[in-house]
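Colleague: Could you take me through one part of this model in detail, the way the helices sit against each other? I'm at the bench most days, so plain talk is welcome.

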Amino acid sequence: MREDLAQVVDLQDLDLEIARLQREVQRIPREIADGEQVLNSSRGAWDQSRERLAALEQFRRRKERELEDVTAEQRKRQGRLFEIKTNQEYAAVLKEIEGLKERRSKLEDEILGAFDDIEAAQSAVRDESARFQEREKVFQQERTTKEGELRRLQGELERLQEERRRQANRVEASLLQTYQRLLRSRGGLAVVPVKDGSCLGCHVALTPQTYNELRKGEVFVICANCQRILYWKG
Ligand SMILES: [Zn+2]
């Protein structure tokens, strides 16, 4: 292979590897952010379970206060029974007492029901808390691993970029300019091998004449379709 062609082939290899590392370097923070989002939704579920428990406890306290009020009311009416003079009034107060008794019984049922709901809600809080803590542990481990991987990739990327600078300095100026232009306009692929008679950049077959020139390796061969620099990979 011509020396100048070999130089841009090496440069292309470095640029492909750099592009691959750059994608990885960009991917890792996104993965960490995704993991954080999952963790946040788990924290949200835990918060919700605690809010539900608090609401149930509030409901129970309200019903207990109501029960105290109704009980006091009933006691007051019962005290009044002794002071009543007429049968009619007596019957009316008794009826009121019956009504209060019914309300008490209904409130007592509601309070008992609330205790069952609270117990279930407490168990849900424990479950969500355990789930969140487990996920948080896993996430922190993953993040530490990914951050380590990111630092390693960044170090590798810096090393390759330095190597790339050295390699670019070896390439003759006008060829480097052509290479850079192709790299930008051809999606990071300026120099490509030929396989089974076709350009691997655009997959269009070479003419027999171009193919022969390429195999001889004496001149620079450009793909007639995509203008990329071609090389023969024997
Ligand atoms: Zn091509």
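Modeller: H1 and H2 run roughly antiparallel to each other, because their axes cross at roughly 165 degrees and anything over 145 counts as roughly antiparallel. Bear in mind that this is a predicted model. H1 covers residues 3–80 and H2 covers residues 87–170, and their axes come within 5 Å. The crossing of H1 past H2 is left-handed. As for what makes up that contact, its residues split into 33 nonpolar, 13 polar and 35 charged.

To get a feel for H1, try a couple of spans along the chain. Glutamate 3 belongs to H1, and from its C-alpha to that of arginine 77 you'd travel 111 Å in space, with the two positions 74 residues apart in sequence. Glutamate 3 counts as exposed, since it has 8 C-beta neighbours inside 10 Å and the cut-off for exposed is 12 or fewer.

Now go to the loop between H1 and H2, where you'll find leucine 81. Leucine 81 has 12 C-beta neighbours inside 10 Å, so it counts as exposed too. Setting aside residues within four places in sequence, leucine 81 is in contact with Tyr90 and Val93. Look back to isoleucine 18, which is 63 residues away along the chain, and the C-alpha atoms of leucine 81 and isoleucine 18 turn out to be 95 Å apart.

H1 has another partner, H3. The axes of H1 and H3 come within 11 Å and cross at roughly 35 degrees, and here H1 passes H3 in a right-handed crossing. On the H1 side the residues are Asp4, Val8, Leu11 and Asp15, and they meet Leu175, Tyr179 and Leu183 in H3. That contact divides into five nonpolar residues, no polar ones and two charged ones.

Tyrosine 179 is a good one to zoom in on. Not counting residues up to four places away in sequence, it touches Val8, Leu11, Val171 and Ala190. Tyr179 and Val8 are also among the residues with the most contacts inside the largest nonpolar core, alongside Ala190, Val191, Cys199, Ile229 and Leu230. That core has 15 residues, and the elements giving two or more residues to it are H1, H3 (173–185), strand S1 (191–195) and strand S4 (229–232). In soluble globular proteins, nonpolar side chains do tend to be buried together.

Conventions: Residues numbered from 1 in each chain as written. Predicted model: local features only at pLDDT ≥ 70, side-chain atom pairs only at ≥ 80, totals over all residues. Axes fitted to C-alpha atoms, helices over the stretch in contact; angles between N-to-C directions. Helix = DSSP H or I, 4+ residues; strand = E, 2+ residues; numbered from the N terminus. Left-handed = near helix turned anticlockwise from the far one by under 90°. Nonpolar A, V, L, I, M, F, W, Y, C, P; charged D, E, K, R; others polar. Core = buried A, V, L, I, M, F, W, Y, C linked by C-beta atoms within 7 Å. Buried ≥ 20, exposed ≤ 12 C-beta atoms within 10 Å, placed from the backbone. Contact = placed C-beta atoms within 7 Å.
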